[in-house]
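Biologist: Hi! Could you walk me through this model before I head back to the bench?
Modeller: Happy to, let's put it on the screen.

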Amino acid sequence: MEGQVDLPQWHLSVERQLREQQAKILKLTSMVDENQDQLQQLKSVAVMVNEHQDQLQRLQSVAVMVDEHQDQLQRLAPLPQQVEGLKDDIKDLKKKMKENAEKLEILKVKVNSESWLWWGC
């Protein structure tokens, strides 16, 4: 009886191994399903990235232009305040011109009245 296999015991051992293998297969199948879902999500992201690739490139171009022209932008930044200052200066000059025009009229009147007096002598 040496070399003979106890069939019921062997059969139980094989069934146990089969169940273990089936459990491993179920676990691996579940992992594959999860990975499949993640792969699908990644594919969706890749599609969105491809759809917006031209927008991303345009934004990168704008960023490069902003960097290239940063010094010009910095020089232009104070211009609105300078314009406001010039507007104030123009108002002041207009006011002085009006005052000078009034003084000129007064002088014209004086000159005219004095010339009448001189001619009248």
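Biologist: Let's begin with the surface. How much area does the chain expose, and what share do carbon and sulfur atoms supply?
Modeller: The chain exposes about 11,800 Å². Carbon and sulfur atoms supply 62% of that area. Do keep in mind that this is a predicted model.

Biologist: Fair enough. What is the mean pLDDT of the chain?
Modeller: The mean is 87, and 91% of the residues reach 70 or more.

Biologist: And which elements have the lowest and the highest mean pLDDT?
Modeller: H3 has the lowest, with a mean of 85. Helix H1, covering residues 7–51, has the highest, at 91.

Biologist: How many helices and strands are there?
Modeller: Four helices and zero strands. Going along the sequence, the pattern reads α-α-α-α.

Biologist: What about the overall dimensions, say the box that the C-alpha atoms fill?
Modeller: Along the principal axes, the C-alpha atoms fill a box of roughly 170 × 20 × 20 Å. The radius of gyration is 48 Å, while a compact globule of 121 residues would have one near 14 Å.

Biologist: What percentage of the residues is buried, then?
Modeller: Buried residues make up 0% of the 121 residues.

Biologist: Can you give me a feel for distances? How far apart in space are valine 45 and glutamate 114?
Modeller: Their C-alpha atoms are 94 Å apart, and the two residues are 69 apart in sequence. Valine 45 sits in helix H1. Because its relative accessibility is 42%, valine 45 counts as partly exposed.

Biologist: And how far is aspartate 71 from glutamine 36?
Modeller: That pair is 35 residues apart in sequence and 51 Å apart in space, again C-alpha to C-alpha. Aspartate 71 belongs to helix H3.

Biologist: Switching to charges: how many salt bridges does the count come to?
Modeller: Five salt bridges. We can look at some of them one by one.

Biologist: Great. Which residue does glutamate 20 meet in a salt bridge?
Modeller: Glutamate 20 meets arginine 16, with an N to O distance of 3.4 Å. The two are four residues apart in helix H1, so about one helical turn separates them.

Biologist: Is that pair buried, exposed, or what lies in between? What are the values?
Modeller: In between. Glutamate 20 is partly exposed, with a relative accessible area of 40%. Arginine 16 is also partly exposed, at 41% relative accessibility.

Biologist: What does aspartate 71 pair with?
Modeller: Its side chain meets that of arginine 75 in a salt bridge, 3.7 Å from N to O. Aspartate 71 and arginine 75 are four residues apart in helix H3, so they too are separated by about one helical turn.

Biologist: And why does arginine 75 count as exposed?
Modeller: Because its relative accessibility is 56%, and exposed means over 50%. Aspartate 71, at 42%, counts as partly exposed.

Biologist: Which residue forms a salt bridge with glutamate 105?
Modeller: Lysine 108 does, and the closest N and O atoms are 3.7 Å apart. Both residues lie in helix H4, residues 79–120, and their spacing of three residues is about one turn of the helix. Glutamate 105 is partly exposed at 44% relative accessibility. Lysine 108 is partly exposed as well, with a relative accessible area of 43%.

Biologist: Now the greasy side of things. Which residues make the nonpolar surface patch?
Modeller: Val62, Met65, Val66, Leu73, Leu76 and Leu79 make a nonpolar patch of about 490 Å².

Biologist: Which helices each supply at least two residues of the patch?
Modeller: Helix H2, residues 53–68, and helix H3, residues 70–76. The largest share, three residues, comes from H2.

Biologist: Let me zoom in on valine 66. Where is its place?
Modeller: Valine 66 is in helix H2. At 36% relative accessibility, valine 66 counts as partly exposed. A residue joins a patch if it has over 30% relative accessible area and no salt bridge.

Biologist: Lovely, that gives me plenty to look at. Thanks!

Technical notes. Residues are numbered from 1 along each chain as its sequence is written. This is a predicted model: local features need pLDDT of at least 70, side-chain atom pairs count only at pLDDT 80 or more; totals for chains, interfaces and linings use all residues. Side-chain values use heavy atoms; hydrogens and water are left out. Patches are made of residues with over 30% relative accessible area and no salt bridge: like charges are joined within 9 Å, nonpolar side chains (Val, Leu, Ile, Met, Phe, Trp, Tyr) within 5 Å. Accessible areas come from the Shrake-Rupley method with a 1.4 Å probe; for residues, only the protein chains shown count as cover. A salt bridge is a side-chain nitrogen of Lys or Arg within 4 Å of a carboxyl oxygen of Asp or Glu. Buried means under 20% relative accessible area, exposed over 50%, partly exposed in between (1.4 Å probe, protein chains only). pLDDT is the predictor's confidence in each residue, from 0 to 100. The radius of gyration is taken over C-alpha atoms; the globule rule is 2.2 Å times the number of residues to the power 0.38.
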